[in-house]
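Dear colleague,

I am handing over a structure to you, and I would ask you to keep it open while you read the notes below it.

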Amino acid sequence: MKDNVVNNDFKDVVFNRQSVRKFDPTVKITHEEFTKMIEETTSAPSACNLQAWHFVIVDTPEGKEKLKSYFMKFNLPQVETCSAMVLLFGDTEAYKSYRDLWTKAYHNGQIDKAKLDEVFNTFLPLYESANYETLVMDATVDTTLAAMQFMLIARSHGYETNPIGGYNTKKAAEIWGLDSKRFIPVMAIAIGKREAGAKPEVKSVRYPVEQVYQFA
Ligand SMILES: Cc1cc2nc3c(=O)[nH]c(=O)nc-3n(C[C@H](O)[C@H](O)[C@H](O)COP(=O)(O)O)c2cc1C
């Protein structure tokens, strides 16, 4: 697969990330590049390597009409101009694929039998016996890390993003034919290129660092 990384400058990728809310609507991102970006995104860490995330990439006019039906009004400029809206869901049933993932890793020689036994006897039972709220929380944490990873990966591919939580979460899964008990909406991320000649966004302010940390 072609390597689409165009920006390998860590400082620029991380510290010049800003929420962009108006994109160049003519910019298309190929499905091949999305596949690569999602693959890169899934290098994010997750609890017990559960990888409890699921992505829906909306890049068609019909899909955008559906977004408009449940996104808040103030997010419509992003919906209308982005190259795509990536919807991130936590998958509360990810643990059901867990056995296969680790068995394959064992057969491929990536882990030894002791690790396989640890996974089956320690981690897997935790999830198989977990209550729904715990599964939702774990899936939300995993998917939030994937969201941040995706926004930085996007920048390394030359795109800008805006994370979005302003939509009707009750409709978020069902509208895409997903089981709303299994798939928990975590956030949406608009992706595209900043509109040429657009005014730069106002840099968002942060609390003074002294206010947000302590040593212990
Ligand atoms: C979970 C989450 C939900 C957000 N929801 C929205 C939203 O609905 N609409 C919007 O314009 N920005 C949204 N934002 C973007 C924040 O306003 C933005 O990240 C924050 O002001 C900091 O600015 P920066 O991203 O430019 O650093 C959201 C961000 C996060 C992390």
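What follows is a short account of one helix, some aromatic rings and two charges.

This is a predicted model, in which local features need pLDDT of at least 70 and side-chain atom pairs count only at pLDDT 80 or more, while totals for chains, interfaces and linings use all residues. Residues are numbered from 1 along each chain as its sequence is written, and side-chain values use heavy atoms, with hydrogens and water left out.

Helix H7 covers residues 132-156, and its end C-alpha atoms lie 36 Å apart, which agrees with the 36 Å expected for 25 residues at 1.5 Å a residue (the expected span is 1.5 Å times one less than the number of residues; helices, H or I of at least four residues, and strands, E of at least two, are DSSP runs numbered from the N terminus). Just after H7, Gly158 takes a positive phi of about 95°.

The whole structure holds 6 aromatic pairs (rings of Phe, Tyr and Trp, the last by its six-membered ring, with centres within 6.5 Å; planes under 30 degrees apart are stacked, over 60 edge-to-face, the rest tilted). Among them, Tyr70 and Tyr167 meet edge-to-face, 5.9 Å centre to centre with 85° between the planes, and this pair links parts of the chain 97 residues apart.

Finally, the charged end of Arg99 sits over the ring of Phe120, 4.7 Å from its centre, and that of Lys181 over the ring of Tyr132, at 4.3 Å (NZ of Lys or CZ of Arg within 6 Å of the ring centre and within 35 degrees of the ring normal).

With best wishes
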